[in-house]
Amino acid sequence: MAEIQSPLPGVFYRKPGPDKDPYVQEGDRVEAGQVIGMVEIMKQFTEVHSDVAGTLESFSVEDAAMVNPGDTIAVVAEG
């Protein structure tokens with residue numbers, strides 16, 4: 001299992017906009033480098049990428065939750 005961690009503090013979002021579908025959902029296959037969400041701080045958005053290929057097992061934070069640098073955002077089962 002690989003943990004995807006927040007690169008910086010802010011609000012984590014699972015989708016690119018309120019009326020958009022989530023980048024990925026639990027159980028989806030993800031590739032290394034794929035965007036799984038974004039962190040917003042002071043109206044600047046930073047994409048959060050998966051470091052590994054595998055299955056997104058779970059998100060560790062809710063959509064629109066506050067995160068700190070190093071907080072685990074999601075867990076990916078490699079493979």
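This is a guided tour of a predicted model, arranged as a series of selections.

**Whole domain**

Start by selecting residues 1-77. An unreviewed UniProt entry places the feature "domain: Lipoyl-binding" on this range. Colour the range by secondary structure: 49% of the chain here is strand and 0% is helix. Then pick the C-alpha atoms at the two ends of the range, which are 5 Å apart.

**The open sheet**

Next select S1, S8, S6 and S3. These 4 strands form an open sheet in the order S1-S8-S6-S3, and the pairing is antiparallel. S1 and S3 are the edge strands, each of them pairing on one side only.

Stay with S1, residues 2-5. Its covered face carries Ala2 and Ile4, while Glu3 and Gln5 are on the uncovered face. This can be read against a general pattern: in a regular strand, side chains alternate between the two faces of the sheet. S1 runs antiparallel to S8, and 4 bridges join the two. To view one of the pairings, select isoleucine 4 together with alanine 74, its bridge partner in S8.

Move across S8, which spans residues 72-78, to S6; these strands are antiparallel and joined by 5 bridges. Here select serine 58, whose bridge partner in S8 is valine 75.

**Serine 6**

Return towards the N terminus and select serine 6, in the loop between S1 and strand S2 (10-13). Is this residue buried or exposed? Serine 6 has a relative accessible area of 4%, so it counts as buried, the cut-off being under 20%. Show its side chain: a polar atom there lies 2.6 Å from the backbone oxygen of leucine 8.

Now display the residues around serine 6 that are further than four places away in sequence. Serine 6 is in contact with Val39, with Ile73, and with the run Val67, Asn68, Pro69, Gly70 and Asp71.

**Strand S2 and its partners**

Continue along the chain to S2. Two strands are worth showing alongside S2.

- S7, residues 65-67, runs antiparallel to S2 and is joined to it by 3 bridges. Select valine 11 and its bridge partner in S7, methionine 66.
- S4, residues 35-41, also runs antiparallel to S2, again with 3 bridges. Select tyrosine 13, which stands opposite methionine 38 in S4.

**The aromatic pair**

Keep S2 visible and add S6. Which residues make up the 1 aromatic pair found in a search of the whole structure? Select phenylalanine 12 and phenylalanine 59: their rings form a tilted pair, with the centres 6.2 Å apart and 45 degrees between the planes. Phenylalanine 12 belongs to S2 and phenylalanine 59 to S6 (residues 54-59), so the pair ties together parts of the chain that are 47 residues apart in sequence.

Switch to accessibility for these two side chains. Phenylalanine 12 is buried, at 0% relative accessible area. Phenylalanine 59 is buried as well, with a value of 10%.

Add arginine 14 to the selection. Its charged end sits over the ring of phenylalanine 59, 4.0 Å from the ring centre.

**Glycine 33**

Select glycine 33, in the loop between strand S3 (29-30) and S4. Its relative accessibility is 46%, so it counts as partly exposed. Leaving out neighbours within four places in sequence, the contacts of glycine 33 are His49 and Ser50. For a distance across the model, select the C-alpha atoms of glycine 33 and glutamate 62: they are separated by 21 Å, with these positions 29 residues apart along the chain.

**Two residues with positive phi**

Finish with two loop residues, using a backbone torsion display.

Lysine 43 is in the loop between S4 and strand S5 (44-49). What is its phi? The angle is positive, about 65 degrees, although lysine 43 is not a glycine. With 71% relative accessibility, lysine 43 counts as exposed.

Alanine 64 is in the loop between S6 and S7. It too is a residue other than glycine with a positive phi, here near 70 degrees. Its relative accessible area is 44%, which makes alanine 64 partly exposed.

Note on methods:
Residues numbered from 1 in each chain as written. Predicted model: local features only at pLDDT ≥ 70, side-chain atom pairs only at ≥ 80, totals over all residues. Heavy atoms only, no water. UniProt positions renumbered as here; feature names shortened; annotations may be inferred. Buried < 20%, exposed > 50% of the residue type's maximum accessible area, 1.4 Å probe, protein only. Polar contact = N/O pair within 3.5 Å; in protein donor to acceptor, adjacent residues only side chain to side chain. Contact = heavy atoms within 4.5 Å. Phe/Tyr/Trp six-rings, centres within 6.5 Å; stacked < 30°, edge-to-face > 60°. Lys NZ or Arg CZ within 6 Å of the ring centre and 35° of its normal. Pairing = 2+ DSSP bridges.
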